[in-house]
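Student: Please take a close look at a single part of this model and work through it residue by residue. I would like to know how its side chains are placed, what they pair with, and how the part sits in the whole.

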Amino acid sequence: MGKGNHTKEIIGSWMQAIGNAIEAYGSTPSIPLDDETRDDLNRVGLTMQAVGSGLEADGQSTPYSFEYVGAVITSIGSVEELLPLLRDFSLEADYLLETQGNILQGLGSALQAYDEIINGTPSGAYEGIIGNSLQSIGCFISV
């Protein structure tokens, strides 16, 4: 893999954060949106999260570090949660995909936070720990 690309990591982090905000807006019951608009916002948000996590993984200098593996797992979780919005599944399958997707996103974010704790660079380590910890907690609350 070689040298990391810090710019990819930053862009990926921002994409993931913006995607998370878009999905949260679309998922907030008190906001008066029709079902189609709600689903569209969730599709856009989850897609941005998946791509952002992928960019974070691709920007890593160390393959198979906790941060790399965490970003990949987070991206897979976003895609898994996105699937019911792209294709019709049974109600049980929708629930299972959403639940597993949230668990994977939470696990991936926890691994990324752990990597920052044990290997964090001085610039951005605290932000990475706090951001990934909050993301992880939010995903597990959603389950």
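Tutor: A residue counts as buried when its relative accessible area is under 20%, as exposed when it is over 50%, and as partly exposed in between. The model is a predicted one, and the part chosen here is helix α2, which covers residues 35–58.

Start with R38, which has its place in helix α2. Its relative accessible area is 17%, so R38 is buried. The C-alpha atom of R38 lies 9.9 Å from that of I22, a residue 16 positions away in sequence.

D35 is also in helix α2, but its relative accessible area is 60%, so D35 is exposed. D35 belongs to a surface patch of negative charge, in which it gathers with D34, E36 and D39. A residue enters such a patch only if its relative accessible area is over 30% and it has no salt bridge.

Other acidic residues of the helix do take part in salt bridges. The search of the whole structure finds 2 of them. One joins the side chains of D40 and R43, with an N to O distance of 2.7 Å. This bridge is internal to the helix: D40 and R43 both lie in helix α2, and their spacing of 3 residues is about one turn of the helix. D40 has a relative accessibility of 34%, so it counts as partly exposed. R43, at 24%, is therefore partly exposed as well.

The other bridge reaches out of the helix. Here the side chains of K8 and D58 meet, with N and O 2.3 Å apart. K8 is in helix α1 (residues 6–27) and D58 in helix α2, so this pair ties together parts separated by 50 residues in sequence. The relative accessible area of K8 is 28%, so K8 is partly exposed; for D58 the value is 42%, which again means partly exposed.

V44 is a further residue of helix α2. Its relative accessibility is 43%, so V44 counts as partly exposed. The C-alpha atom of V44 is 9.3 Å from that of L82, although the two residues are 38 positions apart along the chain.

Now for the setting of this helix. The chain has 5 helices and 0 strands. Its radius of gyration is 15 Å, close to the 15 Å that the globule rule gives for 143 residues, so the chain is as compact as a globular protein of that length. The C-alpha trace spans about 45 × 25 × 25 Å along its principal axes. Of the 143 residues, 36% count as buried, and R38 is buried because its relative accessible area is 17%.

A patch of another kind can be set beside the acidic one. Y126, I130, L134, I137 and I141 make a nonpolar surface patch of about 610 Å². I141, one of its members, lies in helix α5 (residues 125–142). With a relative accessibility of 67%, I141 counts as exposed because the value is over 50%.

To return to helix α2: R38 is buried at 17%, D35 is exposed at 60%, D40 and R43 meet in a salt bridge, and D58 meets K8 in another.

Notes
Residues are numbered from 1 along each chain as its sequence is written. This is a predicted model: local features need pLDDT of at least 70, side-chain atom pairs count only at pLDDT 80 or more; totals for chains, interfaces and linings use all residues. Side-chain values use heavy atoms; hydrogens and water are left out. Patches are made of residues with over 30% relative accessible area and no salt bridge: like charges are joined within 9 Å, nonpolar side chains (Val, Leu, Ile, Met, Phe, Trp, Tyr) within 5 Å. Accessible areas come from the Shrake-Rupley method with a 1.4 Å probe; for residues, only the protein chains shown count as cover. A salt bridge is a side-chain nitrogen of Lys or Arg within 4 Å of a carboxyl oxygen of Asp or Glu. Lys and Arg count as positive and Asp and Glu as negative; His and the chain ends are not counted. The place of a charge is taken as NZ of Lys, CZ of Arg, CG of Asp or CD of Glu. Helices (H or I, at least four residues) and strands (E, at least two) are DSSP runs, numbered from the N terminus. Buried means under 20% relative accessible area, exposed over 50%, partly exposed in between (1.4 Å probe, protein chains only). The radius of gyration is taken over C-alpha atoms; the globule rule is 2.2 Å times the number of residues to the power 0.38.
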